Amino acid sequence: MMKFIMPLSLVGVLAACSNDAQPDVKKQFIQEGQPRPLVVVLGGSEGGNTLSAPHWRPFLDGFNDIGVSVAAMGYYGTQNTPSSAAELSLNKIADRIITLTKDPMIDEKCVAVYGFSKGAELALLLGAHFDEINHVVSVMPSHVSWNAVKTLSSRSSWSLNGTPLDYIDAPLLSWKMQKGNITGEFTPAFNQALSEASAEAVAAAKIPVEKINGPILLVSAKHDEIWPSYQMSQHIESSLQTAKFSYPFEHIAMDGGHYSFNKEVQTQVNQFLHQTLVDTCMAR
């Protein structure tokens, strides 16, 4: 994944660049036997549909290997998705996922979203607001909604039912964010934004993870240099525990940084999906 926040000097270039060559959706559906569960994978703040690239093929194949159909889906920056990362409609993204489940080879009652970084924030939001999505894997997640990436003005990343979601603002033009362009450390900017936000603002921006209609797996990095995914995952765990969340949830905390996700962790994720998604759905 590309870094969550880009250097200011690249903002204009990135705005002009296009990921149109990447498909809006890349499907690898199992076309034999009974209908299969579906996993929809979502990339990070780079936009486009990076997970559809050829070098990600083994990652997608891994889902088919455990009996799951998979679709890599872009949510902005592809030909038929918004070019801006601001106020992206959760309703429209969910509708696209639900459309995928209408394929006769998909079990529409067994749908997981699996997001990385900004896509991890999105995955939790989709699971929290749409009952059709009943499993969530969130890799380097956030417990709150943030401002839109690659956007100099302060705007929400997401909208729901036509209304922008409340968010915590970590401005691109802040000193700590700009310092990160030199040091590679952007987490201090997000920590500052959280510490300076009022309790009311954090509560308003909080993702209502307790509303998710199924199992949740969090994967974080204890030394995340992009944003504090480990600490934010702990907030998510606390919310689930306080709510006495009735579905299984786990937290894999890696010792590395934001880009330390590896084959070993992917194997653990697939084991979780096999136990909570495949075994449950295919046994019905």
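In which sense do β1 and strand β3 pair, and over how many bridges? In this predicted model, β1 and β3 (residues 69-73) pair in the antiparallel sense, over four bridges.

**View 1. The seven-stranded open sheet and its edges.** The strands follow one another in the order β1-β3-β2-β5-β6-β9-β10, and the pairing within this open sheet is mixed. Because β1 (25-28) and β10 (249-254) stand at the edges with a single partner strand each, one side of each is left without a neighbour in the sheet. Averaged over the sheet and with direction ignored, neighbouring strands are turned by 15° against each other. Where β1 meets β3, the bridge partner of Val25 is Met73.

**View 2. Two helices packed on the seven-stranded sheet.** Helix α4 (residues 118-129) touches β2 (36-42), β5 (106-116), β6 (135-139) and β9 (216-221), and its direction makes about 145° with that of β5. Helix α9 (residues 263-282) also packs on the sheet, where it touches β2, β5, β6, β9 and β10, with its direction at about 160° to that of β5.

**View 3. Helix α9 from its start to its bend.** At the start of α9, a side-chain oxygen of Asn262 reaches to within 3.1 Å of the backbone nitrogen of Glu264, and the helix bends by about 40° at His274. The buried residues of α9 include Val265, Val269, Phe272, Leu273, Thr276 and Cys281; among the elements that cover the buried residues are α2 (57-65), β2, β5 and β10.

**View 4. The three-stranded open sheet.** The order here is β4-β7-β8, again with mixed pairing, and the edge strands β4 (88-89) and β8 (163-164) each pair on one side only. Strand β7 (residues 158-160) runs parallel to β4 and is joined to it by two bridges, with Leu88 standing opposite Trp158.

**View 5. An aromatic cluster linking distant parts of the chain.** Ring pairs link Trp56, Phe59, Phe63, Tyr114, Phe116 and Phe261 into a cluster. Trp56 and Phe116 form a tilted pair, 6.3 Å centre to centre with 55° between the planes; Trp56 lies in the loop between β2 and α2 and Phe116 in strand β5, 60 residues apart, and both residues are buried. The rings of Phe59 and Tyr114 have their centres 5.7 Å apart and their planes at 85°, so this pair is edge-to-face. Phe59 belongs to helix α2 and Tyr114 to strand β5, 55 residues apart, and both Phe59 and Tyr114 are buried.

Definitions and conventions: Residues numbered from 1 in each chain as written. Predicted model: local features only at pLDDT ≥ 70, side-chain atom pairs only at ≥ 80, totals over all residues. Heavy atoms only, no water. Pairing = 2+ DSSP bridges. Axes fitted to C-alpha atoms, helices over the stretch in contact; angles between N-to-C directions. Contact = heavy atoms within 4.5 Å. Bend = angle between axes of the 7 residues up to and from the residue. Buried < 20%, exposed > 50% of the residue type's maximum accessible area, 1.4 Å probe, protein only. Polar contact = N/O pair within 3.5 Å; in protein donor to acceptor, adjacent residues only side chain to side chain. Phe/Tyr/Trp six-rings, centres within 6.5 Å; stacked < 30°, edge-to-face > 60°.
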